[in-house]
Amino acid sequence: YQYYNNGYKTIDDLYHSEFFNSLPLLVKKQIDYVVNNRPIFIDKEKISLFLSKIKEPIYFLDFECISDAIPAFKGVKPFEKVPFLYSLHILKNNELTHSGYIMKPGCDERLEMAQSLFNRIKEIGTIIAYNSSVEREMISALSKYEPRLKKVLGWFCDLEIPFRNNYLYDKDFKGSNSI
């Protein structure tokens, strides 16, 4: 709003302003790519290093959660995230399989969910999640029911990292690294 209120109405205005050099590096890069219609930027070395840390089996994990003001289950605090679904794809030896767990409506099946997840993810590998904070949080919460799940917290590889750290950038991202 500060720039807009000072007469800078477009990205091009900001690019040619005295403020441009004081902007954060990522913001300057985003503006430069739009104004100059630059092609996709790829830092192959950093992406290769990032990818080299991924080991099979590769677990692609996603949780869906609820966080109600009035908790649905005993022992849950207001607005505490409670997983009700996980989706897990496993890539091993060029074979992709899928499994998951969905709680029955109104049933607190976190114990069953934790056991199900542990039984599918116990072989050491890499867990891929985009912005993995929710997945880590849910595994930590589920480890109260299945303590052996704690060991997988060190297996995470956050797919957001190459985008957040600008290993790859396209003007069509419009400054966002969100899916």
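Which side chain does the side chain of S87 make a polar contact with? Keep that in mind while we get our bearings. What you're looking at is a predicted model, and a good place to start is its sheet.

Five strands make up this open sheet, in the order β4-β3-β2-β5-β6, and their pairing is mixed. At the edges sit β4 and β6 (156-158), each of which pairs on one side only. Going from one strand to the next, the twist averages 25°. As background, strands of a sheet pair through backbone hydrogen bonds, and they can do so either parallel or antiparallel. For a parallel case, look at β2 (residues 58-66) and β5 (residues 126-129), which are joined by three bridges. If you want to find a spot where they meet, go to I58, whose bridge partner in β5 is T126.

Now for the helices that pack on the sheet. Helix α5 touches β2, β3 and β4, and its direction makes about 10° with that of β3. Helix α6 (residues 133-142) also packs on the sheet, touching β2, β3, β5 and β6. Its direction makes about 80° with that of β2.

Back to the opening puzzle. You'll find S87 in strand β3 (residues 82-92). The partner of its side chain is the side chain of H98, in a polar contact of 2.8 Å. Setting aside residues up to four places away in sequence, S87 touches F60, L61, D62, H98, S99 and G100.

Next, follow the chain to the loop between β4 (95-102) and α5 (110-120), where E109 lies. Is E109 buried or exposed? With a relative accessible area of 8%, E109 counts as buried, because the cut-off for that is under 20%. Its side chain is joined to that of Y101 by a polar contact of 3.1 Å. Beyond its neighbours within four places in sequence, E109 is in contact with Y101, I102, M103 and K104.

One more stop: helix α3 (residues 25-35). Which of its residues are buried? They are K29, Q30, I31, D32 and Y33. And what covers them? The cover includes α2 (11-15), along with two strands, β1 (41-42) and β7 (168-169). Step just past the end of α3 and you come to N37, which takes a positive phi of about 50°.

Technical notes:
Residues numbered from 1 in each chain as written. Predicted model: local features only at pLDDT ≥ 70, side-chain atom pairs only at ≥ 80, totals over all residues. Heavy atoms only, no water. Buried < 20%, exposed > 50% of the residue type's maximum accessible area, 1.4 Å probe, protein only. Helix = DSSP H or I, 4+ residues; strand = E, 2+ residues; numbered from the N terminus. Contact = heavy atoms within 4.5 Å. Polar contact = N/O pair within 3.5 Å; in protein donor to acceptor, adjacent residues only side chain to side chain. Pairing = 2+ DSSP bridges. Axes fitted to C-alpha atoms, helices over the stretch in contact; angles between N-to-C directions.
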